[in-house]
Amino acid sequence: MAKSAFLKSSIAKKYWMALTGLFLCLFLVGHLLGNLQLLAGDTIEAALQFNKYALFMTTNPAVKLLSYLTYISIIFHAIDGIYLAIQNQKARPVAYAMSNPSKNSSFSSRNMAVLGTIILVFISTHMINFWAKMHFDANMPLVTKTQGNQGQSQSMLIGTPDSKIQTIPLPPGGSLKTLVEQNNNQPGNTTKLVLEGSNIVKDAKTGEVLFVGFKDLHKLTYAFFKSKGKLFNIIPNEGLFFVIFYVLSMMALGFHLWHGFQSAFQSLGANGKFTPAIKSFGKAFSVVVAFLFAIIPIYIHFFTK
């Protein structure tokens, strides 16, 4: 009974809020280090390096387990934050007669729920535009490399390191789907192929995997932030809109971390002589992480061809 009451208490919720928050801070560091590779430019070498990182992050069993833990932590952190905000509001239903919030607390601490909501909206749109396309979009672009041969250029699809076939030549304007269809339509050809998703070619008879193409998340990201199309067929230069939205979201993240980082340690009881150091590190962490994340779309949109 006591255990159940503890789990439902605001103290327990603050503990879980702190633990999931600190875990998500670790996730931010790892995600940032990987994404900073996008600053290497729009070359085939840079694209391959980033896409190798993306492949590792989406196929390695340990990383996939950590990813699921991250998704759960985000959901739990958001729900826990909503409950705590509601509990705090119920605990003080009538506003103080004399209140000067700007002197009694920081902007970040007063608006953690609002900042968290903005970040949650950003995460949702971010996963729709990148994570979902990476995993489920049958039209996801694949990494291609142009090779010269006797004065002529040839586009080649690049396979992952464990592919049985490492490269596949593409005809002008062709795709992996086109090649599979052409192979299956050849008269007398007994080796029929099947395309799974956007990048896996198998022997239709044996099920053997013959080719696994690199999904080009690098190209997708660059195209997203450099898009000149119209958002909802209304807003021109949608790439610039995406950059602005991304930067504003990173500002919200920075303010959220500004208070949240040191607050998490405080909730876990890390007070005393270490408090000034934790506060200083937390503020530096919030500024550096938000700034470096924001730099990536700005660089892609304004400083690459």
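**Exercise 1.** Work out why H7 and H10 count as oblique to each other in this predicted model.

*Solution.* Start with the geometry: H7 (residues 112-136) and H10 (residues 238-267) pack with their axes 9 Å apart, at an angle of about 135 degrees. Next, recall the cut-offs: roughly perpendicular covers 65 to 115 degrees, and roughly antiparallel means over 145. The angle of about 135 degrees fits neither class, so the two helices are oblique. To finish the description, add the hand: H7 passes H10 in a left-handed crossing.

**Exercise 2.** Find the residues through which H7 and H10 meet, and sort them by class.

*Solution.* Begin on the H7 side, where the residues include Met112, Leu115, Ile119, Phe122 and His126. Then turn to H10, whose partners include Phe245, Met250, Leu253, His256 and Gly260. Sorting this contact by class gives 11 nonpolar residues, 7 polar ones and no charged ones.

**Exercise 3.** Trace the largest nonpolar core and place Leu253 in it.

*Solution.* This core has 35 residues; those touching the most other members are Leu217, Phe225, Met250, Leu253, Leu257, Val289 and Phe293. Now look at where the core comes from: H2, H3, H7, H9, H10 and H11 each supply at least two residues. H10 gives the largest share, with 9 residues. Zoom in on Leu253: setting aside neighbours within four places in sequence, Leu253 contacts Leu28, Ile119 and Val289. Finally, keep a second, separate core apart from this one: that core has 11 residues, among them Leu157, Leu170, Leu179 and Val180.

Key: Residues numbered from 1 in each chain as written. Predicted model: local features only at pLDDT ≥ 70, side-chain atom pairs only at ≥ 80, totals over all residues. Heavy atoms only, no water. Axes fitted to C-alpha atoms, helices over the stretch in contact; angles between N-to-C directions. Helix = DSSP H or I, 4+ residues; strand = E, 2+ residues; numbered from the N terminus. Parallel < 35°, antiparallel > 145°, perpendicular 65-115°, else oblique. Left-handed = near helix turned anticlockwise from the far one by under 90°. Contact = heavy atoms within 4.5 Å. Nonpolar A, V, L, I, M, F, W, Y, C, P; charged D, E, K, R; others polar. Core = buried A, V, L, I, M, F, W, Y, C linked by side-chain atoms within 4.5 Å. Buried < 20%, exposed > 50% of the residue type's maximum accessible area, 1.4 Å probe, protein only.
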